[in-house]
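Got your viewer open? Let's take a walk through this one, stop by stop, with something to select at each.

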Amino acid sequence: MPIWNPELETMSRGDLEQLQLERLQAIVNRIWESVPWYRRRFEETGLIPEHVRSLDDLRLLPFTVKEDLRSGYPYDLFAVPLREVVRIHASSGTTGTPTVVGYTRNDLRHWRELVARVLSAGGMTKDDVIQISFSYGLLTDAFGLHQGAEEIGASVIPVSAGAPERQIAIMQDYRTTALVGTPSYALQIGEMLQELGVARSSLHLRWGVFGSEPWGEAVRERIESLLGISATDNYGISEVMGPGVSGECEGNKQGLHINEDHFLCEVVDPESGEVLPEGQAGELVITTLTKEALPIIRYRTGDLTSLSARPCACGRTLARMARVFSRTDDVLIVGGVKLVPAQVEEALLQVEGIEPHYLVVVDRKGGADTVEIQVEVPSALLTGDMRHLLRTQESLRQRLEGALGLAVEVKLVEQRTIARSQPRAQRMIDRRKREGSGSSGGESGPG
Ligand SMILES: [Zn+2]
């Protein structure tokens, strides 16, 4: 697959680190001069920009957390006056005050370039017809991917989200070759294809680039077989830009190449904040190296991953991050055991005839944590032989208990009982909390 920007995506690690250091020093100087909030933070710890002499000195700098962006709502952390901002986006704000992000003309130019790299790595070229099934709005996904797709010269169809039937009709009529959206929505479209009896050969689809929520290898396989495509993962969060932070190369699918000339990534221990060595899993922390409107230092993403700078067969020298399977805030501790919703999904997909539509309900009864997993099954199973039904239920229970390492109850429910939320699927309800809600993916999930 062609590399969008060979000069930057295959540069030597030495040259890359030199570029990163120059950009880091420049951005630290800029926020010191232009963002009083950051200057106060630096002064509290006796830090001045001149203290940053090497990339290792990054760890002298304070973290930025989502709460900081919220407390500065909407524009306090901007480094330029609004007259220089040409675009404003925001996070969904479903779990509190939204975080607002701004872009200058240069920021938009970089954004287009970085998404173009990700889409090219995913297999797309100017000859593709790309259907964007993210909702167009304040969130960064749709617009970010849209502009990057235009940058590579593809024909872009801004369908937005909506009924899967409509996506399919447009795919057929417009001869779409590439689908961009969330993995759960891609699954819904794939299932609808089956339900409607649409032959895959009537479609022209070849590629899919998906993100915004955690998804595993079993989900990837299911999407690839339902839609007859090669599916790649990509990652981004609105606080640092949106989609375009990193993406898988289509030929290898062994981690997401990070656009390291624009983002300096670290992985830290989520508890202690200590920087972890390469290969060790922890929380991803991102420093923007080129953002003008909203430069961010050491942003705690809440996403769990690990880094690798090992060479990749595709020729890119950019380091890779492991696929984000969970976030620090969607790991529930149940009876002392960590429960990640994506693990449930992976286990279910290994059972023939079971679609990964499920809901995990965690509760506390008689002082003990309980886990009920509702799983959709075909109605024929529910109305058929009772013994067969019980056997299915029992085998699912055993499989899930084996995968999760804790006791669960399985409740089989009819198809379409569990709400299909968009753009991101809700997979978990924690009734132990007063507010009784939880989420998978979070509002800053992979872009
Ligand atoms: Zn690669």
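## Start at the aromatic corner

Select Tyr38 and Phe42 to begin: they sit 4 residues apart in helix α3 (residues 36-44), so about one helical turn separates them. Keep in mind as you look around that this is a predicted model. Tyr38 is buried, and Phe42 is buried as well. Now show the side chains. The structure holds 7 aromatic pairs, and Tyr38 with Phe42 makes an edge-to-face one, at 6.3 Å centre to centre with 65° between the planes.

Next, add Trp37 to the selection. How are the rings of Trp37 and Tyr38 arranged? Their centres are 4.9 Å apart and their planes meet at 75°, so this pair is edge-to-face. Trp37 and Tyr38 are both buried. Bring in Trp32 too, and you have one aromatic cluster on screen: Trp32, Trp37, Tyr38 and Phe42.

## Two charges over rings

Jump to Tyr103 and look at the face of its ring. Lys291 lies over it, at 5.1 Å from the ring centre. Then go to Trp215, where Arg323 lies over the face, at 4.4 Å from the ring centre.

## The zinc site

Now select the zinc ion and show what surrounds it. Which atoms coordinate the zinc ion? You should find SG of Cys249, NE2 of His257, SG of Cys312 and SG of Cys314, at 2.1 to 2.3 Å. Check the angles among the 4 donor atoms: they run from 100 to 118°, and the site is tetrahedral. Along the chain, the donors follow the spacing C-x7-H-x54-C-x1-C.

Trace the backbone out from two of those donors. Cys249 is in the loop between β8 (242-248) and β9 (256-258), while Cys314 is in the loop between β13 (307-308) and β14 (320-321), so the pair ties together parts that are 65 residues apart in sequence. Turn on the surface and compare these two cysteines. Cys249 counts as buried, at 2% relative accessibility, whereas Cys314 is partly exposed, with a relative accessible area of 22%; the cut-off for buried is under 20%.

## A buried loop residue

Select Thr140, in the loop between β3 (129-132) and α6 (141-151). Is Thr140 buried or exposed? Its relative accessibility is 6%, so Thr140 counts as buried. Beyond its neighbours within four places in sequence, Thr140 is in contact with His89, Tyr103, Trp111, Ser238, Met241, Gly242 and Pro243. You'll recognise Tyr103 as the ring under Lys291. For a sense of scale, draw a line from the C-alpha of Thr140 to that of Gly197: it spans 34 Å, for 57 residues in sequence.

## Over to strand β18

Now pick Val361, in strand β18 (residues 358-365). Val361 is buried, with a relative accessible area of 5%. What does Val361 touch, not counting residues up to four places away in sequence? Show Thr370, Val371, Glu372, Gln374, Ile429 and Arg431. Then put a distance on the C-alpha atoms of Val361 and Val351: 21 Å, with these positions 10 residues apart along the chain.

## Last stop: colour by pLDDT

Finish by colouring the model by confidence. The average pLDDT is 91, and 95% of the residues score at least 70. Then select residues 434-447, where pLDDT stays under 50. The model has 54 contacts beyond four places in sequence for this stretch. Where pLDDT is low, the predicted coordinates should not be read in detail.

Methods
Residues numbered from 1 in each chain as written. Predicted model: local features only at pLDDT ≥ 70, side-chain atom pairs only at ≥ 80, totals over all residues. Heavy atoms only, no water. Phe/Tyr/Trp six-rings, centres within 6.5 Å; stacked < 30°, edge-to-face > 60°. Buried < 20%, exposed > 50% of the residue type's maximum accessible area, 1.4 Å probe, protein only. Helix = DSSP H or I, 4+ residues; strand = E, 2+ residues; numbered from the N terminus. Lys NZ or Arg CZ within 6 Å of the ring centre and 35° of its normal. pLDDT = per-residue confidence, 0-100. Contact = heavy atoms within 4.5 Å. Donors = N, O, S within 2.8 Å, 3.2 Å for Na, K, Ca; no water. Tetrahedral: all angles 85-135°; square planar, octahedral: opposite > 155°, others 65-115°.
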